[in-house]
Every structure is written in C-alpha cells, then in structure tokens.
Amino acid sequence: MYSEKVMDHFTNPRNVGEIEDASGVGTVGNAKCGDIMRIYLDIDEDGIIRDCKFKTFGCGAAVATSSMATELVMGKTVQEALQVTNKAVMEALDGLPPVKVHCSLLAEEAIHAALWDYAEKNGIVIEGLKKPKNDIHEDEEDGEEY
Amino acid sequence: MAKTIYLDNAATTPVKPEVLESMLPYFTEKFGNPSAVYNFAAENKNVVTQARETIAKALGTNTQDIYFTAGGSESDNWALKATAEAYKDKGNHIITTKIEHHAILHTCEYLEQNGFEVTYLDVDEQGIVKLEELKKAIRPSTILISIMFANNEIGTIQPIKEIGEIAKEHNILFHTDAVQAFGHLDIKVDEYHIDMLSASGHKLNGPKGIGFLYIRKGLKLRSFVHGGAQERKRRAGTENVPGIVGLAKAVEISINTMEERVKKEKSLRDKLIDRVLAEIPYTRLNGDRKKRLPNNANFSFQFIEGESLLIMLDMKGICGSSGSACTSGSLDPSHVLLAIGLPHEIAHGSLRLTLSDETTEEDIDYVVDTVKEIVEKLRSMSPLYEDFVKQNV
C-alpha cells in the first residue's frame, strides 16, 4: 500500500518531538477525522529555519508526510519553506495512495500554520502566507511557554 | 519476522486441512452436476443432502430448511429483500440495529429507497440492544426484525432468545445475521425463535464463497437468484459442491470441538484483556466483558490512531484490525464504535484482535508486550498525548 520511502519515514520518523520556546508552532487537522499534526519551528534572526520538530496523531501516511515535511524545511529560509507544497512532500515520498493525499495537504498546512504563528509573534508579514484555516487549537498559543 | 501471529479470525479463517481434503475430490474426479440423471453424479446429489443434514442438525432443525448461498452477504440480502417483497401487503416496516454488518445496513438503505421504513435501534454502551426500545419500535406494519447474533467488531452477543420471543409474541418474522456466531456459539433456531439465520463458511475454517440461509418451514420467501430448480427452486445455480462439502466438514468440526475450543479461546482472550487493561494506561475494552464472542477482544487506546498501530503490529508479525477511518476508506470511524458512544478520536484508536484455536499463550504474551511498546511509541509522537500530559502536570 505504501512506498518504501513512506514506510521508512513512518517507522523511523525524523525530527519527532517538541521545541521549547519555539519561534512558531502550528497545529492542524482534527481528531474527528483522525489526523492532527503539530509542527514546531526554530527560526533564527536571519529568517532561517534552524530546527523543526513534529508530533502527529494519525495514520502511517500522516506520520510520514510530517516527517518528510520537517526534513524539507530544515535549513531553509521562511520564503523557501513556504514553497514546500504538498506535492513536493508527496514526490519526496515517492507518492501516496489517492485516499492519503489529504495527509500531504495537512503537512503543508501545518508548516504554514507554524510560519503564521512565527509571523504573528514577531509582528511581521510573510509575503504569500495566508492565515491557516485549519488551526483547531487556537487556544493553545499559551501552551508554548512550556 | 519468522512467525506470523494471525489474530484476525473475525475477518476470515484458514481452511482446515481436513476440510480441504474433503473438498478436493469434488473438483476433479467427482465433478458431476448433482442435477444429472446418470449414476456417476448421484453421489454428488447425496453429499449435498448430507451437508444440509449436518448443518440442520447443528441448528436443531430440518434438512429442507437449509439453503446454500454464496456467503453471509447473499444470505442477508436474500432474507431482507425477499421478506420485504413477500410481506409488503402486511406492512412496510423493518426493525434492525445501528451496529449491524453493512450487508444488513446497506440492504436496509436500499429497501428504504424502495418505500420501506426502517428503524435502526440504538444499543447501550456495551453494544447490547435494549429490549424495551425494541418493543416500543414495533408497529402494526412491522414485518421483520433483523438483529445480529453477535457483533463482528466488538463481539457483543445479543439477547437473541428474548428478541425471538418478542418477535414471536407480535407475530413478526425474526432474522439473525449469525455470521460471527455460528460455529462459535451453540445456536438452536427453535429455542431462540429464529425464523431466518445467515451464516458463512469462511468464518469457521471453511472455504470462502459458500454460506447458507436457514428459512423456517412455511415462510413464503421467493427465490433471490432465478434460474434452475436447485435449492428447492429458491436459489438457482449449479451447486458449489466442493464448497458445500467443505462447509459441512467445517461445521462438523466446529460443532464437535466447540466446547473445548471455546474454553481455550476464552481463557486466552481473558488473559489478553486483563494484561492489556492492566499494563497499558488510558485504554478501554469495547463491548461487554462477559457477553462477548469467546475469541474477540476490542480495545481503544487513547491518543493514538489505529492504522499506525496496525502497520507497526504487522511489522512485528501480528495481524489485527481496526475501526479507524483510515482502515475503512472513509473519514468516519466504525459505525459500531460510534453507536456505543465512543468519541471519534477514541474510535480512531481501536484495535480488534480475534483469536483461534491455534493461538497460544506465548502468542498472547508476545502480542501484549508488542502492543504495549507500540502504543508507547505512538503516544510519544502524538500531539493529543502531549496536550493531555501538559494539562495534567
């Protein structure tokens, strides 16, 4: 059902975890549908993503797309990270079954949500970034001080 | 992984070697059509009759009341559609439950599109039908009650005898989908007042593609498959002789070994349930603790998702199943788990393990150890668990 790459990223996910005092955190999806992704970004003064971690509740594809998304944005500038689309995530994983394409969309949205959080905290506008619609944990912003 | 531990026996079972052996001659040298006149095919007619006898005996009924079909889904379709057609002058109302197999639920939806009215009864949190609600749902136009004997997901056994009595009292036909129960529980159709019963071969170590419908004598159900005069003109098509022989052999074995097998399966199932509930926190057992199929365990592990769990179990050689949306191909988790009141996110984290007489104590220990390890790993990756821990610091 899944490609070798998907299985690899599912069984040995990269960058699982949390970042304390993260520059931006984004949570998307909802438990009702069975997928929740949370991405943490550590962004330096030059706007470069120095670290990226994730936590995901979901199927094999959800875990693998989160893992791949963190790899793809690591070391990138904010603008470059914005170009990491669901298509790029899917291609990097050698494809996903059609019913799992929504997982890659979720990964893209999770990155955007984390970038949005970063922009809001720093009072900046990231060109081309829209307010994430899927953030289900708006009330969680205060959770970041952990 | 050297060994596969197969704990998905509610999905299907392997054909037992004795069953296969009994079937083989009927593919090759004994290939004759039971309807043929010549002597060479006569034995094939006889074995079909003998098979019918074996099954009738298991149900405590008459040989001519057993009709072979291609399996549980066909039997369910036949029972519902033919009853609806035959009794539509009496009424257009059918009562069933929210936790039936899709072979019943989708057939009911089809009947609703054709002018029938269906009441889908709620179940309690263990998955058991409330008899008072059943009584309340009965109308003068009710022609059929169809309630499964035991649930395929959570294993809950329904109060079939009481339901049968209520149906009889009100002069309403009673069908039960016994696909999960037949061969695993002792079922006597007269004692339970069952008018129709569906069963399938591959759930009891018989072949796939064969099943039967028991139809109480005197019911005026018409043929579902039109054509030749097979099955007393009620189900056309040349008999699946090897399948029928294999089904009967499987029934014979399952009835003869039931007592011992059930005892063994129950003890291993209880060990599995006890260890999982004791050793893995934030876990619940779905379905009734006692009134459940001897080989069924169904858990929900909070904060994790079922498909991930299944894939990781598979990598450790363990085959199970889940009611998560990702395994059903839709966005909704199992209708059964929702019907017993589980919130979506907990229904997504379900795991069904169904044992067989081949399951060993070592298997169970290995499975519990492995599930524990995987649940821990998935929770460490879960944002839901992270939130939960933070909220409870």
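What follows is a chat between a student and a tutor about this predicted two-chain model.

Student: Before we start, what is the ground rule on pLDDT for local features?

Tutor: Residues are numbered from 1 along each chain as its sequence is written, with chains lettered from A and ligands numbered from 1 in the order in which they are written. This is a predicted model, where totals for chains, interfaces and linings use all residues, side-chain atom pairs count only at pLDDT 80 or more, and local features need pLDDT of at least 70.

Student: OK, how many residues of chain A are in contact with chain B?

Tutor: Contact here is between two residues whose C-beta atoms, placed from the backbone, lie within 7 Å. On the chain B side, 22 residues take part. On the chain A side, the number is 22.

Student: Which element gives the largest share of that side of chain A?

Tutor: Helices (H or I, at least four residues) and strands (E, at least two) are DSSP runs, numbered from the N terminus. Those giving two or more residues are helix H1 (4-11), strand S2 (35-43), strand S3 (49-57) and helix H2 (60-73) of chain A. The largest share, three residues, comes from S3(A).

Student: By class, how many residues on that side are nonpolar?

Tutor: Ala, Val, Leu, Ile, Met, Phe, Trp, Tyr, Cys and Pro count as nonpolar, Asp, Glu, Lys and Arg as charged, and the others, Gly among them, as polar. Seven residues are polar and four are charged. The nonpolar residues number eleven.

Student: Within what arc do the buried residues of H15(B) fall?

Tutor: A residue is buried if 20 or more other C-beta atoms lie within 10 Å of its own, exposed if 12 or fewer, and partly exposed in between, with C-beta atoms placed from the backbone. In helix H15 (residues 383-391) of chain B, Pro383(B), Leu384(B) and Glu386(B) are buried. They line one face of the helix, because seen down its axis (using directions from the axis to the C-beta atoms) they fall within an arc of 160°.

Student: And which elements of chain A do those buried residues pack against?

Tutor: In chain B, their partner is helix H13 (344-347). In chain A, they pack against strand S1 (24-30), S2 and S3.

Student: How is S2(A) joined to S1(A), and which residue is the bridge partner of Asn30(A)?

Tutor: Strands count as paired if DSSP finds at least two bridges between them. S1(A) and S2(A) pair in the antiparallel sense over seven bridges, and they form a hairpin with four residues between them, where Gly34(A) in the turn has a positive phi of about 95°. In S2(A), the partner of Asn30(A) is Asp35(A).

Student: Then which residue of S3(A) is the bridge partner of Ile39(A)?

Tutor: S2(A) and S3(A) are antiparallel too, over eight bridges. Their hairpin has five residues between the strands, and Gly47(A) in its turn has a positive phi of about 75°. The partner of Ile39(A) is Phe54(A).

Student: Over to chain B: which are the edge strands of the open sheet of seven strands?

Tutor: The order is S2-S8-S7-S6-S5-S3-S4 (chain B), with mixed pairing. An edge strand pairs on one side only, and that picks out strand S2 (66-69) and strand S4 (117-121) of chain B.

Student: Which residue of S8(B) is the bridge partner of Ser200(B)?

Tutor: Strand S7 (residues 196-200) and strand S8 (residues 211-215) of chain B are antiparallel over five bridges. At Ser200(B), the partner is Gly211(B).

Student: Is Thr96(B) buried or exposed?

Tutor: Thr96(B) lies in strand S3 of chain B. Its C-alpha atom and that of Ser146(B), 50 residues apart along the chain, are separated by 4.9 Å. With 24 other C-beta atoms within 10 Å, Thr96(B) is buried.

Student: Last one: which residue of S12(B) is the bridge partner of Asn298(B)?

Tutor: In strand S10 (residues 296-301) of chain B, six of its six residues are buried. Asn296(B), Asn298(B) and Ser300(B) point one way, while Ala297(B), Phe299(B) and Phe301(B) point the other way. Five bridges join S10(B) to the antiparallel strand S12 (residues 350-354) of chain B, and there the partner of Asn298(B) is Arg352(B).
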